[in-house]
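Work through the exercises below with the model open. Try each task before you read its solution.

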Amino acid sequence: MPLLQEWKRARTGAVELSRPPDPVAALRRGAIDAALVRGTSPSPRPLPDLATATLFTERLVAAIAMEDPRAAKTSVTLPELADGPVAVCATAPTVTDHLWDHTGRTPHTISVANTDEWLTRISVGDAVGVTAEATTYNQPAPDVAYRLIEDSPPVEVSLAWRATDPHPQAHAFAEFARDYFARLLDTSTPPFSLNHGENAEEPKAP
């Protein structure tokens, strides 16, 4: 992860990268010291016992089986996705069925254990998925089409750490991460759109 590589060069300190199935739970029990978390604006899921710093926002996309007629479109809407089941990761979902509250429709959801199962259920047509745009870069799949959701809110990507007994360098790492993504936006395109609002891979021991 380039962010962690730059941090290690700047601070000459050891950093361990962890990928727990539920980053927030791992953070709360002390298994990791900081985590990237996502939540839909304007009301991301509450994290009352954690401190957070918003790094950037990104758009939501739908994950649809290639054989689904909706995959032939360049974009879709939330009401269109409510017609069939929506697969949601049980441990750390980017979105829940509350995303559809303003549409007057509530889709049936299917809980899946992890990203691999999420992609499998979508690829065989059992469900569609809703995820952050970064997934299109991180989880490409030949049988799954990613399509922009026209009427969805943005997703806030934040760094979170324990509000009580934080790692000694947690605040410094948060500021470093914000500066890093601010510079990144000047030299690259999607999927980032920086949001400087504050609410003061998962790095361990920054």
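**Exercise 1. Is W7 buried or exposed, and which rings does W7 meet?**

Solution. Begin with the ground rules. This is a predicted model, in which local features need pLDDT of at least 70, side-chain atom pairs count only at pLDDT 80 or more, and totals for chains, interfaces and linings use all residues. Residues are numbered from 1 along each chain as its sequence is written, and side-chain values use heavy atoms, with hydrogens and water left out.

Step 1. Fix the burial scale: buried is under 20% relative accessible area, exposed is over 50%, and partly exposed lies in between (1.4 Å probe, protein chains only). W7 has 1% relative accessibility, so W7 is buried.

Step 2. Fix the ring rule. Rings of Phe, Tyr and Trp (its six-membered ring) pair if their centres lie within 6.5 Å; planes under 30 degrees apart are stacked, over 60 edge-to-face, and the rest tilted. The rule yields four aromatic pairs. One of them joins W7 and F173 edge-to-face, at 5.1 Å centre to centre and 90° between the planes.

Step 3. Place the two partners. Helices (H or I, at least four residues) and strands (E, at least two) are DSSP runs, numbered from the N terminus. W7 sits in helix α1 (residues 2-11) and F173 in helix α6 (residues 170-185), 166 residues apart. F173 is also buried, with a relative accessible area of 1%.

Step 4. Add F176. Its ring centre is 5.2 Å from that of W7 and the planes stand at 80°, so this pair is edge-to-face too. F176 lies in α6 and W7 in α1, so the pair ties together parts 169 residues apart in sequence. F176 is buried, as is W7. Ring pairs thus link W7, F173 and F176 into a cluster.

**Exercise 2. Which residues of α1 are buried, and why do they share a side?**

Solution. Step 1. L3, L4 and W7 are buried in α1.

Step 2. These residues cover an arc of only 95° around the axis, so they lie on the same side of α1. The arc is that of the directions from the helix axis to the C-beta atoms.

Step 3. Recall the helix geometry. An α-helix has 3.6 residues a turn, so residues three or four places apart point the same way.

**Exercise 3. Which elements build the largest nonpolar core?**

Solution. Step 1. Define the set: a nonpolar core holds buried Ala, Val, Leu, Ile, Met, Phe, Trp, Tyr and Cys residues joined through side-chain atoms within 4.5 Å.

Step 2. The largest core has 20 residues, and L3, L55, L159, W161, F173 and F181 have the most contacts inside it.

Step 3. The elements giving two or more residues are α1, β3 (50-58), β10 (155-162) and α6. The top contributor is α6, with seven residues.

Step 4. Another core lies apart from this one; it has 18 residues, among them L81, V86, W100 and V155.

**Exercise 4. In what order do the six strands of the open sheet lie?**

Solution. Step 1. Two strands pair if DSSP finds at least two bridges between them. The order is β5-β9-β4-β8-β6-β7, with mixed pairing. The edge strands, each paired on one side only, are β5 (75-76) and β7 (109-112).

Step 2. Look at β8. Strand β4 (residues 60-65) pairs with β8 (residues 128-132) in the antiparallel sense over four bridges. Strand β6 (residues 86-89) pairs with β8 in the parallel sense over two bridges. G129 stands opposite A63 and also opposite A87. In β8, five of five residues are buried.

Step 3. Move to β7. Four bridges join β7 to β6, and the two run parallel. T109 is the bridge partner of V86. Side chains alternate along β7: I110 and V112 point to one face and are buried, while T109 and S111 point to the other and are not.

**Exercise 5. Over which residues is the pLDDT below 50?**

Solution. Step 1. pLDDT is the predictor's confidence in each residue, from 0 to 100. The chain mean is 82, and 83% of residues reach 70 or more.

Step 2. The stretch is 187-202. Beyond near neighbours in sequence, this stretch has 48 contacts in the model (contact: heavy atoms within 4.5 Å).
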